[in-house]
Amino acid sequence: MNGRYLPHRDAGVHIEDRGYQFADGVYEVCEIRHGMIVDLSRHLDRLDRSLSEIRISSPMSRAALVGVIREVARRNRVNNGLFYLQVTRGEARRDHVFPAADTAPSLVITAKSTDPKIIAAKNTNGIKAITVADNRWDRVDIKTVGLLPNVLARQAAKESGAQEAIYVDTRGMVTEGAATNVWIVDREGNLVTRPAEHGILRGITRTTLKDVAQSLSIPVVEREFSREEMLASREVFITAATSICFPVVEIDGITIGNGHPGTFAEKIRTAFFDIAE
Ligand code: PDD
């Protein structure tokens, strides 16, 4: 945290941190698998983009950041898990406009182990989702910590006995999950996902999955699809660094395909770590 390694319980940000007051910051979540950080350069490229879109300067060089991330994972003995990295515009007396140019951004990096049994159970059984109206702002391409709509959507999913909320825009087209990208297998056997140009975060897992599909000669089509097409599709799955590729077997109480995880999701998951860097 801001240049120091601290025990988790002692790491606190100032009450006037702009992340705390305004959600004025960006973040990344990245998977650690068998001690390797999956797709690290793509995540750090996206971090640089998010920072530059909201005009926060980089807290440290790429090489230094990679060193710190590895050290945090090592100190927490995380072999399989996630790291979380957050940069905010720093501490300043509350004022909506940017603070003085010499205000240092705040950097926090944490790492935690994940339970492979929980992930395996989701892959074997599939998950349930609900759809919700996409009520987020227009710049969902920036991975900002302003996640209140996502929090409310995930909570609504939980309260309906589901694990993910899938956003649908005002035209009835699927955008993405509260913390995942959404894929369907269409009638022709194509993997379909919404183009990243508008309405979604350009997920790193989504990008790598396109390489994986290509290596398996599975056609990928980037086009919009509606809630109705999704409900009638052969297979639905969601992707994120935290879940790689979870099959979705029920949406809004409607069974997807035959109600069991599909073969595409499994094939892709199996090949994923051969391709991811
Ligand atoms: N969320 N869309 C949204 C809105 C997300 O928050 C995420 C990731 C994704 C998938 O992106 P990636 O493949 O790069 O993880 C798509 C992270 C995991 C989170 O908020 O915990």
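Trainee: In which sense do β3 and β4 pair, and over how many bridges?
Mentor: Note that this is a predicted model. Within it, Gln86 stands opposite Val108 in β4. The pairing of β3 with β4 is antiparallel, and the bridge count is 8.

Trainee: Which residue of β3 is the bridge partner of Gly25?
Mentor: Start with the strands. β1 (residues 25–33) and β3 (residues 81–88) pair in the antiparallel sense over 8 bridges. Glu28 stands opposite Leu85 in β3. For Gly25, the bridge partner in β3 is Thr88.

Trainee: In what order do the 4 strands of the open sheet lie?
Mentor: Build the order from the pairs. β1 pairs with β3, and β3 pairs with β4. The pairing in this open sheet is antiparallel, and its order is β2-β1-β3-β4.

Trainee: Which strands stand at the edges of that sheet?
Mentor: Look for strands with a single partner strand. One side of each is left without a neighbour in the sheet, so they are edge strands. They are β2 (36–37) and β4 (106–113).

Trainee: How many of the 8 residues of β3 are buried?
Mentor: Here a residue is buried if 20 or more other C-beta atoms lie within 10 Å of its own. β3 is largely enclosed by the rest of the structure, because many of its residues pass that test. The count of buried residues in β3 is 6.

Trainee: What separates the centres of domain 1 and domain 2?
Mentor: The domain assignment gives domain 1 as 8–114 and domain 2 as 119–275. The centres are taken over C-alpha atoms. Their separation is 25 Å.

Trainee: Which element gives the largest share of the side of domain 1 that touches domain 2?
Mentor: The contact takes 20 residues from domain 1 and 12 residues from domain 2. On the domain 1 side, β1, α2 (40–53) and β3 each give two or more residues. The largest share is 8 residues, and it comes from β1.

Trainee: How do the residues of that side of domain 1 divide by class?
Mentor: Take the side of domain 1 that touches domain 2, where β1 gives 8 residues. Sort its residues into nonpolar, polar and charged. The division, in that order, is 7, 6 and 7.

Trainee: From which domains does the largest nonpolar core draw at least three residues each?
Mentor: This core has 56 residues. Phe83, Ala129, Ala165, Val236, Phe237, Val248 and Ile251 touch the most other members. The core draws at least three residues from each of domain 1 (8–114) and domain 2 (119–275).

Trainee: Is Ile256 buried or exposed?
Mentor: Ile256 sits in the loop between β13 (254–255) and α8. Its contacts beyond four places in sequence include Ser233, Val236, Val248 and Ile251. Ile251, in turn, touches residues such as Ala129, Ile166 and Leu231. Ile256 has 26 C-beta neighbours inside 10 Å, so it counts as buried.

Trainee: Is Ser215 buried or exposed?
Mentor: Ser215 is found in helix α6. Leaving out residues up to four places away in sequence, Ser215 touches Ala271 and Ile275. There are 12 other C-beta atoms within 10 Å of Ser215, so Ser215 is exposed.

Trainee: What distance separates the C-alpha atoms of Glu266 and Cys245?
Mentor: Glu266 lies in helix α8 (residues 263–275). Glu266 is partly exposed, with 16 other C-beta atoms within 10 Å. Cys245 is 21 residues from Glu266 along the chain. The C-alpha separation is 8.1 Å.

Trainee: Which helix gives the most to the shell around the ligand?
Mentor: There are 14 residues around the ligand, and Gly203, Ile204, Thr205, Ala240 and Ala241 come nearest. By class, the shell has 6 nonpolar, 6 polar and 2 charged residues. The top contributor gives 3 residues and spans residues 204–215: helix α6.

Note on methods: Residues numbered from 1 in each chain as written. Predicted model: local features only at pLDDT ≥ 70, side-chain atom pairs only at ≥ 80, totals over all residues. Near = placed C-beta within 6 Å. Nonpolar A, V, L, I, M, F, W, Y, C, P; charged D, E, K, R; others polar. Core = buried A, V, L, I, M, F, W, Y, C linked by C-beta atoms within 7 Å. Domains from an automatic or database assignment. Contact = placed C-beta atoms within 7 Å. Pairing = 2+ DSSP bridges.
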